[in-house]
Amino acid sequence: MADRFGSVVAAVTNWDASTPVTDWVARDVVAHLTDWFPAFLAAGGIELDTAPSAADDPTAAWARRAAQVQELLDGPDPDREFIHPIAGTHPLSGAIDMFYIADIFMHTWDLARAAGVDPGLDQVFAARLLAGMEPIEEMLRASGQYGPAIPVPAQADPVSQLMGFVGRDPADPKGTKGMSQRLPMEPP
């Protein structure tokens, strides 16, 4: 997922292009993904070095953060116990997958819409994310982290179904009609 997001980052020619996330431009998507996760890890005792600022260089910021997370996954004990005070206890690799990779996946769609490129998202992974979120829809919507679902045709592909579920409009070229401010995987 990180490689695919990196490919979309490389395709961005206008870092001030609007995105499907209210009040965000392309660089804000990268800033979000490079800024929130270190605090999440730190709450569980894992410190990451500072990455370049996405405000100054979104491409370098993403490259550094992605490399740091990959180092954790390639390290000597990627499945060590990770205890987060809110998210609970998980193997480190499982916490990265559940909280970060899912966020990267969905925000790849947002950045691709801003860049006017194909997000190239995996349909099977999208279906898996959606299946995991549907049973807790009421809780997710009550959290206020994203708005109402956007109806999509029943025969829509899994990526379109997922994006509609999280409040993006796959039928709108910019994905903005009825979209939400934040995705459900974002911490408060």
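**Entry 1: valine 166**

I take helices to be DSSP runs of H or I with at least four residues, and strands to be runs of E with at least two, each numbered from the N terminus. I note at the outset that the model is predicted. With these terms I placed valine 166 in the segment after α7. Is valine 166 buried or exposed? I found a relative accessible area of 0% for valine 166, and since buried means under 20%, this residue counts as buried. I then looked up its separation from alanine 43, which is 123 residues away along the chain. The C-alpha atoms of valine 166 and alanine 43 are separated by 26 Å.

**Entry 2: helix α7**

I turned next to the helix that precedes valine 166. I recorded α7 as mostly covered, with six of its eight residues buried. Which residues of α7 are buried? I listed Val159, Ser160, Leu162, Met163, Gly164 and Phe165. I also looked up what these buried residues pack against, and found α4, α5 and α6, the last of which covers residues 137-142.

**Entry 3: the chain as a whole**

I counted seven helices and two strands in the secondary structure of the protein chain. Read from the N terminus, I have the order of elements as α-α-α-β-β-α-α-α-α. I noted a radius of gyration of 16 Å, close to the 16 Å that the globule rule gives for 188 residues, so the chain is as compact as a globular protein of that length. I took the span of the C-alpha trace along its principal axes as about 45 × 40 × 25 Å.

I then looked at burial and contacts over the chain. Of its 188 residues, 47% count as buried. Among contacts between residues at least 6 apart in sequence, I found that 63% join residues at least 24 apart. For the accessible surface I have about 8800 Å², and 55% of it belongs to carbon and sulfur atoms. I also looked up the charges: the chain has 12 positive and 26 negative ones, and their mean positions are 4 Å apart.

**Entry 4: the largest nonpolar core**

I note as background that nonpolar side chains tend to be buried together in soluble globular proteins. In this model I found 53 residues in the largest nonpolar core. Which of them touch the most other members? I recorded Phe5, Leu41, Trp62, Tyr100, Leu111 and Leu162. I then looked up which helices supply at least two residues of this core, and found α1 (2-11), α2 (26-43), α3 (58-74), α4 (92-115), α5 (123-133) and α7 (158-165). I recorded α4 as giving the most to this core, with 14 residues.

I followed tryptophan 62 further. Leaving aside neighbours within four places in sequence, I found tryptophan 62 in contact with Ala2, Phe5, Gly6, Val9, Val30, Leu33, Thr34, Tyr100 and Ile104.

**Entry 5: threonine 108 and threonine 89**

I located threonine 108 in helix α4. Threonine 108 is buried, and I have its relative accessible area as 0%. What does threonine 108 touch, not counting residues up to four places away in sequence? I listed Arg4, Phe5, Val8, Pro119 and Leu121.

I located threonine 89 in strand β2, which covers residues 88-91. I found threonine 89 partly exposed, at a relative accessible area of 46%. Beyond four places in sequence, I recorded its contacts with Glu81, Phe82 and Ile83. I also looked up glycine 44, which is 45 residues from threonine 89 in sequence; the two lie 9.2 Å apart in space, C-alpha to C-alpha.

**Entry 6: the loop between α1 and α2**

I examined two residues of this loop, beginning with aspartate 23. What did I find for its phi? Aspartate 23 has a positive phi of about 65 degrees although it is not a glycine. Its relative accessibility is 75%, and exposed means over 50%, so I count aspartate 23 as exposed.

Valine 25 lies in the loop between α1 and α2 as well. I recorded valine 25 as partly exposed, with a relative accessible area of 23%. Its contacts, with neighbours within four places in sequence left aside, are Trp15, Asp16, Ala17, Ser18 and Thr19. I last looked up alanine 114, which is 89 residues from valine 25 in sequence. In space I have the two at 7.6 Å, C-alpha to C-alpha.

Methods:
Residues are numbered from 1 along each chain as its sequence is written. This is a predicted model: local features need pLDDT of at least 70, side-chain atom pairs count only at pLDDT 80 or more; totals for chains, interfaces and linings use all residues. Side-chain values use heavy atoms; hydrogens and water are left out. A nonpolar core is a set of buried Ala, Val, Leu, Ile, Met, Phe, Trp, Tyr and Cys residues joined through side-chain atoms within 4.5 Å. Buried means under 20% relative accessible area, exposed over 50%, partly exposed in between (1.4 Å probe, protein chains only). Contact means heavy atoms within 4.5 Å. The radius of gyration is taken over C-alpha atoms; the globule rule is 2.2 Å times the number of residues to the power 0.38. Accessible areas come from the Shrake-Rupley method with a 1.4 Å probe; for residues, only the protein chains shown count as cover. Lys and Arg count as positive and Asp and Glu as negative; His and the chain ends are not counted. The place of a charge is taken as NZ of Lys, CZ of Arg, CG of Asp or CD of Glu.
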